[in-house]
Amino acid sequence: MPNAYVQVAATLGSMGSNVLTKITPNIHFPVATQAGSLLLCICSASMQDGSELNTSVPTFPAAPSTPGFVWTLAGYCGVEADDVDNGQTAGNSEALYYILNAPSMAASVLTSVQAAIVSTSPSTALLAGISMLEISGPTSLDASATATSIASASVGTASLATSDTDFVVAVANTELGIPAGYGAGYTGFTCADVGQYILNKLAGSVNTHFGGASTIWACVAAAFKGAPAPPPPPPSEVRGI
């Protein structure tokens, strides 16, 4: 059965100054999800600081919180860079969680996630964002990868080696926003930073890169196998006369 896009929900969260943890605003799907869908939760966290005082890469101490649901991590990565010339520090992190064959999630069910950093600086600012995506069809995780870069570089992970016709998604937290558009064959979607997907990608080596470069970025990509096609009906019985 082909994979199909259903709906997305996203929020940018808010910046907190002089804090070491930040919980995103609650988020929910616009309408109840379909039973059996793949649900994705994309978590983004960014740190800015006017000094270089032992500030860490943002992390997510626990999986997203959704009453009655349990999220599984597909991938997490983060990067931090010190600007020695200007005495500043910046960092970005990204995590992708999923639920396979999820029961229906009511539109009233709220989800949030907490981001955290370690810092001795009095001027650290932490931003946390969260997004969710519903896709019908996928039944298992096929492949995943993560990548980061401090210098300006094409945003994306190593190619994914897939074994089936997959739903492919790549999400990134970048310093410069959308890196010059989306990759070939991908459709962009609203999320806390940047995201793109292919609904039905034939098995093989799958490029996950966005359309351009950015600095201080973290990227997670994953491929999920679609539901197998139903077996063909038995051949009609032919009787002699």
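## Close-up views

With a relative accessibility of 4%, Phe210 counts as buried, and this ring returns in View C below. Please keep in mind throughout that this is a predicted model.

**View A. Confidence along the protein chain.** Mean pLDDT for the protein chain is 86, and 84% of its residues reach 70 or more. Confidence is highest in strand S15, at 98. At the other end of the scale is strand S2 (residues 15-17), where confidence is lowest, at a mean of 59.

**View B. The rings of Phe167 and Tyr197 form a tilted pair.** The structure holds 6 aromatic pairs. In the one shown here, the ring centres of Phe167 and Tyr197 are 6.0 Å apart and the planes meet at 35 degrees, so the pair is tilted. Two strands are brought together by this pair, with Phe167 coming from S12 (residues 166-173) and Tyr197 from S14 (residues 194-201). The partners are 30 residues apart, and the pair links distant parts of the chain. Phe167 is buried, its relative accessible area being 0%. Tyr197 has 9% relative accessibility and is also classed as buried, because the cut-off is under 20%.

**View C. Tyr182 and Phe210 make another tilted pair.** Here the ring centres are 6.5 Å apart and the planes are at 50 degrees, so this pair too is tilted. Both partners sit in loops: Tyr182 lies between S12 and strand S13 (187-189), while Phe210 lies between strand S15 (204-206) and strand S16 (213-214). Again the pair links distant parts of the chain, this time 28 residues apart. Look at the two surroundings as well: Tyr182 is partly exposed, with a relative accessible area of 34%, whereas Phe210 is buried at 4%.

**View D. An aromatic cluster takes in the pair of View B.** Ring pairs join Tyr5, Phe167, Phe189 and Tyr197 into a cluster. The Phe167 and Tyr197 you met earlier are thus shown together with Tyr5 and Phe189.

**View E. Ser46 and its surroundings in strand S4.** Ser46 belongs to S4, which covers residues 37-49. This serine has a relative accessibility of 15% and counts as buried, because that value is under 20%. The side chain of Ser46 makes a polar contact with that of Asn173, at 3.2 Å. Neighbours within four places in sequence aside, the contacts of Ser46 also include Pro58, Gly91 and Asn92. Ala125, Leu126 and Leu127 are in contact with Ser46 too.

Methods:
Residues numbered from 1 in each chain as written. Predicted model: local features only at pLDDT ≥ 70, side-chain atom pairs only at ≥ 80, totals over all residues. Heavy atoms only, no water. Helix = DSSP H or I, 4+ residues; strand = E, 2+ residues; numbered from the N terminus. Buried < 20%, exposed > 50% of the residue type's maximum accessible area, 1.4 Å probe, protein only. Polar contact = N/O pair within 3.5 Å; in protein donor to acceptor, adjacent residues only side chain to side chain. Contact = heavy atoms within 4.5 Å. Phe/Tyr/Trp six-rings, centres within 6.5 Å; stacked < 30°, edge-to-face > 60°. pLDDT = per-residue confidence, 0-100.
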